[in-house]
Amino acid sequence: MFKYFTRHRYYCPVCLSKNIDFKPLPAMYAQNAEKYGYKYFGKSEMTTLDTYSCLKCGASDRERLYALYLENNFKGDESFILYHFSPEKRLQHYIIKRFNNIQYKTFDLKANDVDIKADITNLNMISENECDFFICSHVIEHVEDDIKAIKELYRILKPGGKGILMAPISLAINKTIENLPDVKTDEDRWKYYGQNDHVRLYAKNDFINRIKASGFKLNMFDERYYGKKMYKKLGLKKTSVLYVVEK
Ligand SMILES: [Zn+2]
């Protein structure tokens with residue numbers, strides 16, 4: 001009986017469900033880490049193993065953190081331009097429902113169900129200083145030239161504009177793992193970067209330095225900022241940090 005004692009205690013700011021359960025990270029990740037010898041499984045800054053996705057809407061831990069930020073920082077009736085790169089479906093749904101007056105566009109290189117197919121290192125369809133806010137989460141770890149991508153995000157943002165810029169960060173390494181000449185196959189990428197379609201694994205300092213070197217100011221919101229109670233309620237890993245860049 002007691003093993004059910006802690007169930008049904010979470011809140012999902014994406015679908016607004018209260019007292020619900022969250023599902024663990026799909027077992028496939030642990031299995032592949034074991035199978036291919038990925039050393040840093042479970043040591044990422046953000047990804048929680050036990051409370052990964054909302055049972056009701058499927059929103060991941062990071063989508064819940066982004067929804068919390070949007071909820072706290074926008075009233076819902078403002079008019080602004082929001083661009084969403086490789087949009088997370090549940091978060092996209094939340095944004096469309098929640099914000100009535102925004103000009104919202106989605107971008108992706110491969111997916112068909114977005115407004116614009118675009119390579120994040122060459123956003124020539126977007127003018128300089130065009131958008132007020134962007135969300136670019138778990139994109140740049142897939143991109144060979146991540147610096148170029150960050151610079152494009154800087155270029156398209158209005159002065160004073162902000163963006164959520166996130167990538168998987170390993171707290172177990174001090175230097176980003178990337179450009180390994182022998183890493184060529186899916187199996188290799190599982191082993192060194194933790195996923196078959198990633199091209200690097202960020203160390204925290206490198207991630208921060210690349211953002212700052214591209215001209216952005218960086219705001220970091222963590223458990224101290226939101227409070228332990230809120231982090232617990234949203235099922236977030238204690239070490240999770242929300243990176244909000246600003247031009
Ligand atoms: Zn949900």
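Mentor: Two strands pair if DSSP finds at least two bridges between them, and it is with that criterion in mind that we should read this predicted model.

Trainee: In strand 14, which residue is the bridge partner of K162?

Mentor: Strand 9 and strand 14, the latter spanning residues 242–246, pair in the antiparallel sense over three bridges. Within that pairing, the strand 14 residue that partners K162 is E246.

Trainee: What is the hand of the β-α-β crossover from strand 8 to strand 9?

Mentor: Strand 8 (residues 131–137) and strand 9 (residues 157–166) run parallel and are joined by six bridges, with C131 standing opposite L157 of strand 9. Between these two strands the chain passes through helix 4 (residues 146–156), and the hand of this crossover is right-handed.

Trainee: Which strands are the edge strands of the open sheet with the order 10-12-11?

Mentor: Three strands make up this open sheet, whose pairing is mixed. Strand 10 pairs with strand 12 (residues 200–203) in the parallel sense over two bridges. The strands that pair on one side only, and hence form the edges, are strand 10 (169–170) and strand 11 (177–178).

Trainee: How many residues of helix 1 are buried?

Mentor: A residue counts as buried if 20 or more other C-beta atoms lie within 10 Å of its own. Helix 1, residues 27–36, is hardly covered, and among its 10 residues the count that are buried is zero.

Trainee: Which residues touch the most other members of the largest nonpolar core?

Mentor: I164 has contacts with residues including Y66, Y69 and L242, leaving aside those up to four places away in sequence. Of the 53 residues in that core, those touching the most other members are F85, F134, C136, L153, I164 and L165.

How values were computed
Residues are numbered from 1 along each chain as its sequence is written. This is a predicted model: local features need pLDDT of at least 70, side-chain atom pairs count only at pLDDT 80 or more; totals for chains, interfaces and linings use all residues. Helices (H or I, at least four residues) and strands (E, at least two) are DSSP runs, numbered from the N terminus. A nonpolar core is a set of buried Ala, Val, Leu, Ile, Met, Phe, Trp, Tyr and Cys residues joined through C-beta atoms within 7 Å. A residue is buried if 20 or more other C-beta atoms lie within 10 Å of its own, exposed if 12 or fewer, and partly exposed in between; C-beta atoms are placed from the backbone. Two residues are in contact if their C-beta atoms, placed from the backbone, lie within 7 Å. A crossover is right-handed if, with the strands pointing away from the viewer, the path from the first strand over the helix to the second runs clockwise.
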